[in-house]
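Student: Could you take me through one part of this protein up close? I'd like to see how a single strand sits among its neighbours and what lies around it.

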Amino acid sequence: MKSVYNPIVRDIPVYFLITVLTGCNAGTPVKDTPAEEQEYEFVYPPAPETPRFYYETSFFHSGQLKGKSEEDSWREFLTGESAAQSGEGLSKPFDVTSCGGRVYISDTVRRHVAVFDLNSKTYFVIGEKEPGLLRKPLGLDSDSECNLYVADITLGTVVIYRADGSYKKSIGTHDWFHRLSHIAVDSQGQRLYAVDTGGVQTDEHRVRVFDIASGDHLFDIGTRGTEEGQFNLPKDINIGANGDIHVVDAGNFRVQVFDNKGNFKHAFGSVGNRTGQFSRPKGIASDADGNIYVSDVSLANFQIFNAQGELLMFIGNRTKENQPAGYMLPSGIDVDMDGRVYFTDQFFRKVDVFRPAALPKDGGVLGRLLYSDVKSDTK
């Protein structure tokens, strides 16, 4: 397959890129060029299968959005440290959401949400001051106006910010949740679905539904158990393009699907370490075609299913050193309106981005911004 020039990987050492990766990873050199000038792309699934995704970039630290000044060049020459490496890095990224050219990443160690704004090529953080001070942010979601919703497990509150990071309002109190972990917002921005993961000593394993405008609690979905519509340690939640609600029922090793009123529709998945099964399912997202993306900590990948729960493919494998689609402790996942996939790994402190093969590299909101001289690396 002919390789496409990718500006994001141009600074990766050649000895790294020519390593053939396992699982669904592949690197393809440009023909008839010297080794030191060869460029590679990572394709999923690998040849001879038809490509469906390309690895595009990774977010690590604020320095990736800075241009290289003369001072930066001298520092790099004298110390060997690149300007990008001198920025503020992610400490323990948990979840991710992308909207309008901004990538929001919750960080449980730094206790804030890191924002990579590719519109202005700036980096800033949300939740470090009142009002809207965060204690331990976990799950993230955004609505059609790019308002940001943050589930804070310590506060037991969903904190809502505008796209620019200014505080808007909060929903819920610690009395409403046993262990608030994740949230999802419907496409109209009217309802908020909050996952109460529960614990060993409680039956409060459920999804709590709120009216966003008023903050009123509307109804709950589920209780603890193994039957249809019941949960055992639910982890993440997603609202599909058709309005269906997808819940990672982690302790029952399945994904459950409900209609927008909370009525059970169907479930898929079983315990195991083979493709199509779940070992430690965690994050969930979906695309415009109704495909469902589920991250798994133990399998160190994310699997893609169709709306009926049939496995389409997977991306990722366990690695000891950071590399594209290499993971040790994966967590949250998001799919933006253009079909790009954002996947976090807590151990390697990064968010990998994958572009669907049908989308041109400069296509979509992020693509138009990403290929306008935005610096990135994989260190």
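Tutor: Here is a walk that starts at one strand and works outward.

A word on the ground rules: this is a predicted model, where local features need pLDDT of at least 70, side-chain atom pairs count only at pLDDT 80 or more, and totals for chains, interfaces and linings use all residues. Residues are numbered from 1 along each chain as its sequence is written, and side-chain values use heavy atoms, with hydrogens and water left out.

Let's pick strand S26, residues 341–345. The strand labels come from DSSP: helices (H or I, at least four residues) and strands (E, at least two) are DSSP runs, numbered from the N terminus. S26 is mostly covered, with five of its five residues buried; buried here means under 20% relative accessible area, exposed means over 50%, and partly exposed is in between, using a 1.4 Å probe and protein chains only. In a regular strand the side chains alternate between the two faces of the sheet. Here Val341, Phe343 and Asp345 are on one side, Tyr342 and Thr344 are on the other, and both faces are covered.

Now the neighbours. Strands count as paired if DSSP finds at least two bridges between them. On the N-terminal side in sequence, strand S25 (residues 330–335) pairs with S26 in the antiparallel sense over four bridges. One pair of bridge partners is Val335 and, in S26, Val341. The hairpin of S25 and S26 has five residues between the strands, and Gly339 there takes a positive phi near 95°.

Strand S27 (residues 350–356) is another partner: five bridges join S26 to S27, again antiparallel. Asp345 has Lys350 of S27 as its bridge partner. This hairpin has four residues between the strands, and Arg349 takes a positive phi near 55°.

Next, zoom in on Phe343, which belongs to S26. Phe343 counts as buried because its relative accessibility is 0%. Its C-alpha atom is 4.6 Å from that of Ile333, although the two residues are 10 apart along the chain. Contact here means heavy atoms within 4.5 Å. Leaving aside neighbours within four places in sequence, Phe343 is in contact with residues including Ser331, Gly332 and Ile333, as well as Lys350, Val351, Asp352 and Phe354. The list also includes Ser295, Asn301, Phe302 and Tyr327.

Val341 leads to the wider packing. A nonpolar core is a set of buried Ala, Val, Leu, Ile, Met, Phe, Trp, Tyr and Cys residues joined through side-chain atoms within 4.5 Å. The largest one has 18 residues, and those with the most contacts inside it are Tyr44, Phe53, Tyr293, Phe302, Ile315, Val341 and Phe354. Two or more residues of this core come from each of S2, S21, S22 (311–315), S25 and S26. In soluble globular proteins, nonpolar side chains tend to be buried together. Another core, of 16 residues, lies apart from the largest one, and Leu65, Val353, Leu366 and Leu369 are among its members.

Tyr293 is worth a look too. Leaving aside its neighbours within four places in sequence, Tyr293 is in contact with Phe53, Phe302, Ile333, Val335 and Val341, among others. Tyr44, from that same short list of core residues, is joined to Pro45 by a cis peptide bond with omega of about -10°. Pro45 is placed in the loop between strand S1 (43–44) and strand S2 (53–59).

Two of the core's other contributors, S21 and S22, are joined to each other by four bridges and run antiparallel. In that pairing, Gln303 has Phe314 of S22 as its bridge partner. Their hairpin has five residues between the strands, and Gly309 in the turn has a positive phi of about 90°.

Finally, check a couple of alanines. Ala300 lies in the loop between strand S20 (292–296) and strand S21 (301–305), and its phi is near 55°, a positive value in a residue other than glycine. Ala300 is buried, with a relative accessible area of 0%. Ala325, in the loop between strand S23 (317–318) and strand S24 (326–327), has a positive phi of about 60° although it is not a glycine. Ala325 also counts as buried, at 0% relative accessibility.
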